[in-house]
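Work through the exercises below with the sequence and the coordinates open. Each task is followed by a solution in steps.

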Amino acid sequence: MVTPRQIHGIDVALVKAAICRAERLTSGEIRVAVARYYFWGKVDRAAQHAFKRLRIAHTRQRNGVLIFVAPRRRQLAVIGDVGINARVPAAFWRELVDTVGAHSKKGDLTAGLVDAVARVGTILAETFPPLPGVNVNELPDTVVALP
């Protein structure tokens, strides 16, 4: 399977590299999903569906995070699993959405996603450091294009 270089102007390789860098510092998992097409309903609902579809809740420590982008709707949602949500205030997720939104308004959604992934990596590293001998990559580090 060939991975696209760009999805809606997002540089997939740069975001994937940011995920790999961030996950080296933590036992947590980060996924980025991009809605390829326009969908009906709320972005939070679409993100919850993607969270389930991508099996993010299936990590050992329940410390997965989804960054869900709907470029055509200019919307974003960030969802943390129960393990990370128990340790990170809801305000952190809202700040991430605002950060990505600010980059997007400047025309650089890729930079916003790379920044958000780095910030999620930092908070995951603080709350879920790597586990010696157990720290395996439980979820793919790819950027997923969802229908």
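## Exercise 1: Two loop residues with positive phi

Task: Is Arg-62 buried, partly exposed or exposed?

Solution. Arg-62 has a relative accessible area of 32%. Buried requires under 20% and exposed over 50%, so Arg-62 counts as partly exposed. The model is a predicted one. Arg-62 sits in the loop that links α2 (43-53) and β4. Its phi is near 55°, a positive value in a residue other than glycine.

Task: Find the loop that holds His-8, and state its phi and its exposure class.

Solution. Start with the position: His-8 belongs to the loop between β1 (6-7) and β2 (10-11). Next, the backbone: phi of His-8 is near 50°, which is positive, and the residue is not glycine. Last, the surface: a relative accessible area of 33% makes His-8 partly exposed.

## Exercise 2: The residue after Arg-62

Task: Determine whether Asn-63 is buried or exposed, and list what it touches.

Solution. Asn-63 is in the loop between α2 and β4. Its relative accessibility is 0%, and therefore Asn-63 counts as buried. Leaving out residues up to four places away in sequence, Asn-63 touches Ser-27, Gly-28, Glu-29, Asp-81, Ile-84, Leu-124 and Phe-128.

## Exercise 3: Fold and overall dimensions

Task: Write the order of helices and strands, then check the radius of gyration against the globule rule.

Solution. Count the elements: the protein has five helices and six strands. Read from the N terminus, they run β-β-α-β-α-β-β-α-α-α-β. For the size check, a compact globule of 147 residues would have a radius of gyration near 15 Å; the protein has 14 Å, so the two agree. The C-alpha trace spans about 40 × 35 × 30 Å along the principal axes. Of the contacts with a separation of 6 or more, 70% are between residues 24 or more positions apart.

## Exercise 4: Surface and charge

Task: Give the buried share of residues, the carbon and sulfur share of the surface, and the charge counts.

Solution. Of the 147 residues, 46% count as buried. The accessible surface is about 8100 Å², and carbon and sulfur atoms make up 54% of that area. There are 21 positive and 12 negative side chains, with the centres of the two sets 7 Å apart.

## Exercise 5: The nonpolar cores

Task: Which elements give two or more residues to the largest nonpolar core?

Solution. The largest nonpolar core has 30 residues, and those with the most contacts inside it are Val-32, Ile-67, Trp-93, Leu-113, Val-117 and Val-120. Two or more residues come from each of α1 (12-23), β3 (29-35), β4 (64-70), β5 (75-80), α4 (90-105) and α5 (109-127). The most come from α5, which gives seven. For one member, Val-120, the contacts beyond four places in sequence are Ile-30, Val-65, Ile-67, Phe-92, Trp-93 and Leu-96. Another core lies apart from this one; it has 18 residues, including Val-43, Ala-46, Ala-70 and Val-144.

## Exercise 6: A proline in a loop

Task: Locate Pro-140 and describe its surroundings.

Solution. Pro-140 is in the loop between α5 and β6 (143-146). With a relative accessible area of 43%, Pro-140 is partly exposed. Not counting residues up to four places away in sequence, it touches Ile-30 and Arg-31. Pro-140 and Leu-54 are 86 residues apart in sequence, and their C-alpha atoms are 9.5 Å apart.

Conventions. Residues numbered from 1 in each chain as written. Predicted model: local features only at pLDDT ≥ 70, side-chain atom pairs only at ≥ 80, totals over all residues. Heavy atoms only, no water. Helix = DSSP H or I, 4+ residues; strand = E, 2+ residues; numbered from the N terminus. Rg over C-alpha atoms; globule rule 2.2 N^0.38 Å. Buried < 20%, exposed > 50% of the residue type's maximum accessible area, 1.4 Å probe, protein only. Contact = heavy atoms within 4.5 Å. Areas by Shrake-Rupley, 256 points an atom, 1.4 Å probe, with all protein chains shown as cover. Lys, Arg positive; Asp, Glu negative; His and termini not counted. Charge placed at Lys NZ, Arg CZ, Asp CG, Glu CD. Core = buried A, V, L, I, M, F, W, Y, C linked by side-chain atoms within 4.5 Å.
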